[in-house]
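Here are some short exercises on how the parts of a protein model meet. Have the structure open, try each task, and then read the worked solution.

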2 protein chains.
Amino acid sequence: MSAQDSSIEKVVIVGSGPAGWTAALYASRANLNPLVFPGRAASSDVLPGGQLMLTTDVENYPGFPEGITGPDMMDLFFKQALRFGTRIVADKGIATESEVGLYGQFQNAANLDLSSSPFTITGDNDFECKAHSVIIATGAKANWMGIENELRLAKSGGGVSACAVCDGALPAFRDKPLAVVGGGDSAVEEATYLSKFGSKVYMIHRRDELRASKIMAQRAIDNDKIEILWNKTLIDVLGDDHITAAKLKDTVTGEESTLDLSGLFLAIGHTPATEFLNGQLDLDAKKYIKLADPYRSTTNIDGVFAAGDCVDSVYRQAITASGMGCKAALDAERWLADKGIE
Amino acid sequence: MSAQDSSIEKVVIVGSGPAGWTAALYASRANLNPLVFPGRAASSDVLPGGQLMLTTDVENYPGFPEGITGPDMMDLFFKQALRFGTRIVADKGIATESEVGLYGQFQNAANLDLSSSPFTITGDNDFECKAHSVIIATGAKANWMGIENELRLAKSGGGVSACAVCDGALPAFRDKPLAVVGGGDSAVEEATYLSKFGSKVYMIHRRDELRASKIMAQRAIDNDKIEILWNKTLIDVLGDDHITAAKLKDTVTGEESTLDLSGLFLAIGHTPATEFLNGQLDLDAKKYIKLADPYRSTTNIDGVFAAGDCVDSVYRQAITASGMGCKAALDAERWLADKGIE
């Protein structure tokens, strides 16, 4: 198959959060006509628009001094990528900027075959294509307890969040009692961060010792504003528009109690959307994609690049994910030029 | 000196491009009250607002589907950082959000003493402070020929640019004759990129062979749209609002000629603003700051972080620099928490 076979996509992008759309923006401006599988909200781990679709106010994406909602921001990213020629895999086929409204739901990339080049990507609704290069930008999902009221208040900006760095500085949390659910290093990190804002930060932990490293556990214990509630598990979240309290259950005695709160932060880990790769890309112990060069976006497979939260267990911000999406597109563009694929 | 001595700044940020303001935004939202030395246009390598102050339309910063000018974009970054409590070193002292207009010019960090902690930072106009942590975000300058008309048309968006990836896709360059000045790998990269848009791409090179690696030189030679003009140097740029032609001089015969052009791209290297560090931070061969961990923002000195173009000889985009600024602020925040500095 010739490298110049025009039925082969130059760049396929999987995922449509900040990393995916930024990769699409850069690839489309480089005349690569990228094809994006945005994901599917209903049935997969890859949510079209990414995690920001679940958030309300975004105050820390540079360029919006008054803040912007997550969905509005992703709509701007989407429009910008489409403006320069990005195409989208929808249920009814490939859609361009002018057609997107007609094409209904978007497809998720259900399967990737990276065993030989060009790669084969199969959508979840009757679509298959071949591609010289692929950018994986499928993101990661914050883990939730799975309580109905928790998700309801998270989606509506009602004081429940899975990202203290993103949301902790919002006025609603200033000098108010807050809680973090979890007992690992990142739970302590989030509690420490929140202790700058809240009047008090409870750590709700289901065991009688922290999973956190000793130095991090000591930091929680030494912080006057942090109080660890041992052997407690979250069973419900109370509040109509904004959280007012959490319902807890003692994991030893079974006793139930109510804790007044103005903010609740989940810190029970993230799950990167990498399972669909079926082990074709090298992952780290936490299942994040391992970059071949941590400064760039290359993976263990030549022509496959990765960007955003599916790579990043450290920062997980819209701006960092976008930066990585840009890197992946520029790396793919230079890789294609190296191969003489135009 | 106690770690909690309140006269010691928690974070000082040097530079005010996308990396500097994003670091300030994240550090201020983390309640660290960052202090920024923005730089000084007149007398230093560090331009307040960074390289984007020299550009007109920015179409590739995600979030602005209709594009935005460089100075407007940096104004938004600046306002957003100040909104959350960032302070600025101005000529008349430290300015906060409400005072910034009163304080006249900003200061550049003339000298850093990183030999002992806390570090000492001296401004270029009667200001000195100590800081537990420092973020270096001083950027890099594109090298120019230094011709008056070249800089005039670059600043006014008149078809002269030092970044093909940033500007090459603009409508003014479609199917028009373009030229790249330079003969290294990045000149070939820029010419290859531009060959997707222009009707023709000349490479203006002052010698009779390219400095580019063999594989890159071959790529330029193989590309039908690229024509290399050997032994030519740029001596003037013609055009009132937009470039119409370049004036060249043959470096062997001294003969002058005119080349009709609709776009001119300088690719004669960049100079990172790292000289003021006086060798205190490890630099690479091209004088960019070497990161201790290329995925993060740490340097060879504990408590000193780096972000943006002063680190990056590869991508040099607003979005990548911003992502690095975010990383530096989060790294500094966690480093301070580790040290018990609150």
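## Exercise 1: one salt bridge between chains

**Task.** Find the partner of Arg219(B) in a salt bridge and give the distance between the closest N and O atoms.

**Solution.** Start with the rule: a salt bridge is a side-chain nitrogen of Lys or Arg within 4 Å of a carboxyl oxygen of Asp or Glu. The partner of Arg219(B) is Asp338(A), and their closest N and O atoms are 2.2 Å apart. Next, widen the view: the rule finds ten salt bridges across the interface of chain A and chain B.

A word on the model: it is predicted, so local features need pLDDT of at least 70 and side-chain atom pairs count only at pLDDT 80 or more, while totals for chains, interfaces and linings use all residues. Residues are numbered from 1 along each chain as its sequence is written, chains are lettered from A and ligands numbered from 1 in the order in which they are written, and side-chain values use heavy atoms, with hydrogens and water left out.

## Exercise 2: the interface of the chains

**Task.** Work out how many residues each chain gives to the contact and what area is buried.

**Solution.** Step one: with contact meaning heavy atoms within 4.5 Å, chain A gives 56 residues and chain B gives 56 residues. Step two: about 5200 Å² is buried between them, 54% of it from carbon and sulfur atoms. Buried area here is the accessible area (1.4 Å probe) that two parts lose on being put together, summed over both. On the chain A side, Arg29(A), Tyr295(A) and Tyr315(A) lose the most area to chain B, together 16% of what that side buries.

## Exercise 3: two domains in chain A

**Task.** Describe how domain 1 and domain 2 of chain A meet.

**Solution.** First, set the bounds, which come from an automatic or database domain assignment: domain 1 is 9–141 + 270–338, and domain 2 is 144–266. Their C-alpha centres lie 31 Å apart. Second, count the contact: seven residues of domain 1 touch ten residues of domain 2. Third, take the area: about 700 Å² is buried between the two domains of chain A, with 50% from carbon and sulfur atoms. Leu54(A), Thr56(A) and Glu59(A) supply 50% of the area that domain 1 buries against domain 2, more than any other three residues. Finally, check for salt bridges: the rule finds zero across this domain interface.
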